[in-house]
Amino acid sequence: MIVGVIGSGTMGSGIAQVAATSGCKVKVFDTKQDALDKSKHALEKVLSRLIEKGRIDQVEKDRIQSNISYVDSLKDLKDTNLTIEAIIEDLDIKKKVFSELENYVSEDTIIASNTSSLSIASIASSLQKPERCIGIHFFNPAPLMKLVEVIPAIQTSVDITNKVVEIIKGWKKVVALAKDTPGFIVNRVARPFYGESLRIYEEGIADIVTIDWSLKTLGGFRMGPFELMDFIGNDINYTVTETVFNAFYYDPRYKPSFTQKRLSEAGYLGRKSGKGYYDYSDNVVKQAPKEDAALARYIFDRVLVMLINEAADALFWNIASAEDIDNAMTKGVNYPKGLLAWGDEKGIDWCVNTLDKLYEEYHEDRYRCSPLLRKMERENKKFFKELVSDE
């Protein structure tokens, strides 16, 4: 199988490594030769490190590298069976690239986008054969993260969807099949991890360090929300939030934060700029959290219930199956537990009551309880027992 990858940045290079490791011949395309050289050099470093760790040997390294070639013309992708775009999150640019690509590839070539939040249907509309277009969303770093969201557009043929699912499973990835809605699964369901934490901070309930500490200590999250936003980049995280908010017709549940907007405008992007919510300069003394058990519990419960509510709403609107939603969060963003399973553990009545208390306090639609949670409480059901077995 010959795979084309459009874009030689971190994500494109990672996708190329995944496909090449699985035995595919891969062509990485970029318009800039220095970007291609950088991608090739980065792969050399990654594979050499894997040899040092004893995970692969020199023969395997040579095999993977020999499977990848680097090209600077879209015409060179003409013999690909599958081409995945991994470029800037700009709808017009993606559509322009896809429209040009279709002039060179065969009628059977699958054309896919790695977009994290844009409409696959809109991207597909740029093609003469939109039924061949599909979303294949990897998570960074692609070689390490197990999850891949597969998103068929309304134009995508069932045959293409089935083929792509089998291809991605063949690359030893866990597939979560998602409906073509804003944010798909992960970037929709994860919004409260950032948004509600920012809200708690903006209300003056707790500082950044304490919020991060609370969610790591009580929730078992590997990184706190502010640490994670700094890691992702505040410009990227804010743009995704804004995109989801706009796409959902300004639903207050996804409302962006002025705090993050101002940091992004100031160039305080996080680790990559040296400063974000935290200062990454040398010799900076890190502030200690306020280790108040009651405060930590309040923070954790408030963020968690909003996450569970978002996962429940994704299930209510048939965005994905319960299993795929929980797999997406544990394998796509390394959550310690699937959110629906966490809802079962905390109790559906606890979820409903906690959300209702927040709504009573704020009277904002942001805190509306998912109809599915109310129905489950009324019928005394759980996500992974009675609910799933009834389907």
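Helix α8, which spans residues 191-202, gives the most to the lining of the largest cavity, namely six residues. Keep in mind as you look around that this is a predicted model. How many cavities of 30 Å³ or more does a search of the whole structure find? Just one. The volume of the largest cavity comes to about 130 Å³. It has 15 lining residues, and R191, Y194, G195, T241 and K255 are the ones closest to its centre. Sort the lining by character and you get six nonpolar residues, five charged ones and four polar ones. As for how such spaces turn up at all, rolling a probe the size of a water molecule over the atoms shows where empty space is left.

Now for a single residue, T259. You'll find T259 in helix α12, which covers residues 258-266. Is T259 buried or exposed? Its relative accessibility is 18%, and because buried means under 20%, T259 counts as buried. Who are its neighbours? Leaving aside residues up to four places away in sequence, T259 touches L198, Y201, E202 and Y277. With one of these, E202, there is also a polar contact: the two side chains are joined at 2.6 Å. Helix α8 comes back into view here, as its run of residues 191-202 takes in the E202 that T259 touches.

Next, have a look at an open space. The second largest pocket has a volume of about 310 Å³. Its lining is made up of 17 residues, and those nearest the centre are I6, F29, T31, I87 and V97. Which helix supplies the largest share of that lining? That would be α4, residues 91-101, with four residues. Going by character, the lining of this pocket holds eight nonpolar, six charged and three polar residues.

Last stop: helix α17, made of residues 371-379. Three of its residues, L372, L373 and M376, are buried. Where do they sit around the helix? They are on the same side of α17, because the arc they cover around the axis is only 100 degrees. Step past the end of α17 and you come to N380, which has a positive phi, near 55 degrees.

Technical notes: Residues numbered from 1 in each chain as written. Predicted model: local features only at pLDDT ≥ 70, side-chain atom pairs only at ≥ 80, totals over all residues. Heavy atoms only, no water. Helix = DSSP H or I, 4+ residues; strand = E, 2+ residues; numbered from the N terminus. Buried < 20%, exposed > 50% of the residue type's maximum accessible area, 1.4 Å probe, protein only. Polar contact = N/O pair within 3.5 Å; in protein donor to acceptor, adjacent residues only side chain to side chain. Contact = heavy atoms within 4.5 Å. Arc of directions from axis to C-beta. 1 Å grid on protein atoms, 1.4 Å probe; cavity = no way out; pocket = protein on both sides within 12 Å on 5 of 7 lines; lining within 4 Å. Points joined across faces, edges and corners; volume = space filled by probe spheres on them. Nonpolar A, V, L, I, M, F, W, Y, C, P; charged D, E, K, R; others polar.
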